[in-house]
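Q: I have a model on the screen and would like to learn how to read its pockets, its ring pairs and its charged contacts. Where do we start?

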Amino acid sequence: MGKYTREDIQRLAKEQDVRYIRLQFTDILGTIKNVEIPVSQLDKALDNKMMFDGSSIEGFVRIEESDMQLYPDLDTWVVFPWTAEKGKVARLICDIYTPEGEPFAGDPRANLKRVLKEMEELGFTDFNLGPEPEFFLFKLDEKGEPTLELNDNGGYFDLAPTDLGENCRRDIVLELEEMGFEIEASHHEVAPGQHEIDFKYADAVTACDNIQTFKLVVKTIARKHGLHATFMPKPLFGVNGSGMHMNLSLFKDGKNAFFDESGELKLSETAYQFIAGTVKNAEAFTAICNPTVNSYKRLVPGYEAPCYVAWSAQNRSPLIRIPASRGMSTRVEVRSVDPSANPYLAMAVLLKAGLDGIKNKMPAPAPVDRNIYAMDKEEREAEGVRDLPATLAAALEVLKQNDTIKDALGEHILEHFIEAKEIEWDMFRTQVHPWEREQYMSMY
């Protein structure tokens with residue numbers, strides 16, 4: 001991952017014996033899509049002339065306006081190391097444009113760039129993200145289908161032989177490093193079969209690209225080990241779910257805008273305003289940051305995931321935590337996000353929420369430094385602690401009422417996201433689940 005020119009890409013494709021190129025993009029639901037071309041079509045792709053049918057992609061366009069163009073981002077060139085045996089495959093992440101040469105309003109990556117421009121108009125130069133995605137590893141059956149059998153019984157920071165996922169995790173790290181990732185930590189998480197690999201922060205768009213690449217690598221290498229990697233937020237009842245904590249920091253002219261040596265907690269006024277905006281809009285961005293029916297099985301008390309809207313610099317139960325590092329590392333950690341979220345949309349709404357606080361010079365509410373899980377409803381209300389939405393349906397209703405978050409998505413993405421998610425909720429709501437049969441078949 002570096003700064004590449006058209007000539008660099010042509011040279012690297014030849015030097016690295018690349019046979020195929022995947023032109024990748026992400027749909028509204030966060031699913032990676034790609035158009036694969038032979039290397040003979042590389043020049044056409046670099047001329048931004050590769051077209052695809054947008055009507056076949058979730059939430060894009062209708063059949064009568066289906067033509068879309070792929071504009072490769074040359075800095076995203078990378079060769080997949082595991083493809084060397086059968087002719088190497090490289091990828092370029094693309095922005096999506098209309099045939100008229102306009103950025104497509106339904107492209108999550110382009111939408112994030114739109115919100116970043118608003119940030120720049122306020123005088124900030126960079127918005128950085130350090131993500132912490134978690135995932136589970138399950139065994140595959142003889143047909144190659146995922147089972148519910150975990151591959152280990154390890155716990156937080158355990159080592160082999162208890163953590164049987166260690167070899168798989170190590171191979172994932174090696175592949176990522178070969179692709180240019182700077183890995184900061186790799187360890188077993190709290191639940192059996194649960195893992196976390198942390199990579200270095202980057203600017204918002206690059207970090208989101210990295211999250212999508214990370215998911216692809218994790219799933220690919222896990223399968224080589226006879227395992228299925230899932231980023232489903234809560235695959236198992238009774239254990240911790242998987243989160244994707246987002247560590248956010250704003251910069252102005254190379255300096256961290258959240259840091260102030262003389263400020264309370266060494267945080268700047270900008271940091272407090274960003275926190276205020278995040279707290280104010282938290283319920284509304286939940287539908288984007290926790291976008292599945294299953295997401296809300298994770299956001300319950302007792303499993304370390306936040307389910308209350310508050311912030312603190314001292315404990316890990318609130319939605320927003322301020323890690324201890326200061327100086328260039330000063331950051332706001334949003335802990336509710338889970339890895340089923342479309343990272344481009346999640347970053348757009350989190351940035352927009354924070355900017356809302358900065359633009360309107362909002363004062364931050366008082367921090368809540370007690371363990372919120374140990375507080376009863378009356379105590380939470382006295383501290384001004386609000387509940388996050390408890391279901392996807394409730395989250396969608398709050399989203400519909402919040403102009404700040406709606407604007408962060410734009411009309412096209414908002415409309416198609418809500419439509420898709422209301423269908424998802426209705427399918428879940430009308431389904432008869434095993435729990436219901438277990439509870440009621442004999443009783444009634």
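**Reading the spaces and contacts**

A: Start with an enclosed space. By class, 4 nonpolar, 2 polar and no charged residues make up the lining of the largest cavity. Keep in mind that this is a predicted model.

Q: How is empty space found in general, and how many cavities of 30 Å³ or more does the structure hold?

A: Rolling a probe the size of a water molecule over the atoms shows where empty space is left. Here the structure holds 1 cavity of 30 Å³ or more. The volume of the largest cavity is about 30 Å³.

Q: Which residues line the largest cavity?

A: Its lining consists of Gln 24, Phe 25, Thr 26, Ile 32, Ile 93 and Tyr 344. Strand 1, residues 18–26, gives the most, with 3 residues.

Q: Now the pockets. What is the volume of the largest pocket?

A: A pocket is an open set of points, whereas a probe in a cavity cannot get out. The largest pocket has about 840 Å³. It is lined by 43 residues, and the closest to its centre are Glu 132, His 245, Asn 247, Arg 321 and Glu 333.

Q: Which elements give two or more residues to the lining of the largest pocket?

A: They are strand 7 (126–140), strand 9 (183–188), strand 10 (194–199) and strand 13 (244–252). Strand 7 has the largest share, 6 residues. By class, the lining of this pocket has 14 nonpolar, 15 polar and 14 charged residues.

Q: How much space lies in the second largest pocket, and which residues are closest to its centre?

A: The second largest pocket holds about 450 Å³. Of its 14 lining residues, Phe 237, Lys 297, Phe 428, His 433 and Trp 435 are the closest to the centre. Helix 13 gives the most to this lining, with 3 residues. The classes divide into 9 nonpolar, 2 polar and 3 charged.

Q: Trp 435 is one of those residues. Where is Trp 435 found, by element?

A: Trp 435 is in helix 13, which covers residues 434–440. Trp 435 also helps make a nonpolar surface patch of about 560 Å², together with Tyr 440, Met 443 and Tyr 444.

Q: Next, the rings. What describes a pair of aromatic rings?

A: Two values do: the distance of the centres and the angle of the planes. In this structure the count comes to 16 aromatic pairs. Tyr 71 and Tyr 97 are stacked, at 3.8 Å centre to centre with 10° between the planes. This pair links distant parts of the chain: Tyr 71 sits in strand 4 (residues 67–72) and Tyr 97 in strand 6 (residues 88–97), 26 residues apart. Tyr 440 and Tyr 444 form a tilted pair, with 6.0 Å between centres and 50° between the planes.

Q: Last, the charges. How many salt bridges are there?

A: The count comes to 26 salt bridges. Take the one between Glu 118 and Lys 352, where the closest N and O atoms are 2.6 Å apart.

Q: Why does that pair tie together parts distant in sequence?

A: Look at the elements. Glu 118 lies in helix 3 (residues 108–121) and Lys 352 in helix 9 (residues 343–359), so the pair ties together parts that are 234 residues apart in sequence.

Conventions. Residues numbered from 1 in each chain as written. Predicted model: local features only at pLDDT ≥ 70, side-chain atom pairs only at ≥ 80, totals over all residues. Heavy atoms only, no water. Patch = residues over 30% accessible without salt bridge, like charges linked within 9 Å, V, L, I, M, F, W, Y side chains within 5 Å. Areas by Shrake-Rupley, 256 points an atom, 1.4 Å probe, with all protein chains shown as cover. Salt bridge = Lys/Arg side-chain N within 4 Å of Asp/Glu carboxyl O. Helix = DSSP H or I, 4+ residues; strand = E, 2+ residues; numbered from the N terminus. 1 Å grid on protein atoms, 1.4 Å probe; cavity = no way out; pocket = protein on both sides within 12 Å on 5 of 7 lines; lining within 4 Å. Points joined across faces, edges and corners; volume = space filled by probe spheres on them. Nonpolar A, V, L, I, M, F, W, Y, C, P; charged D, E, K, R; others polar. Phe/Tyr/Trp six-rings, centres within 6.5 Å; stacked < 30°, edge-to-face > 60°.
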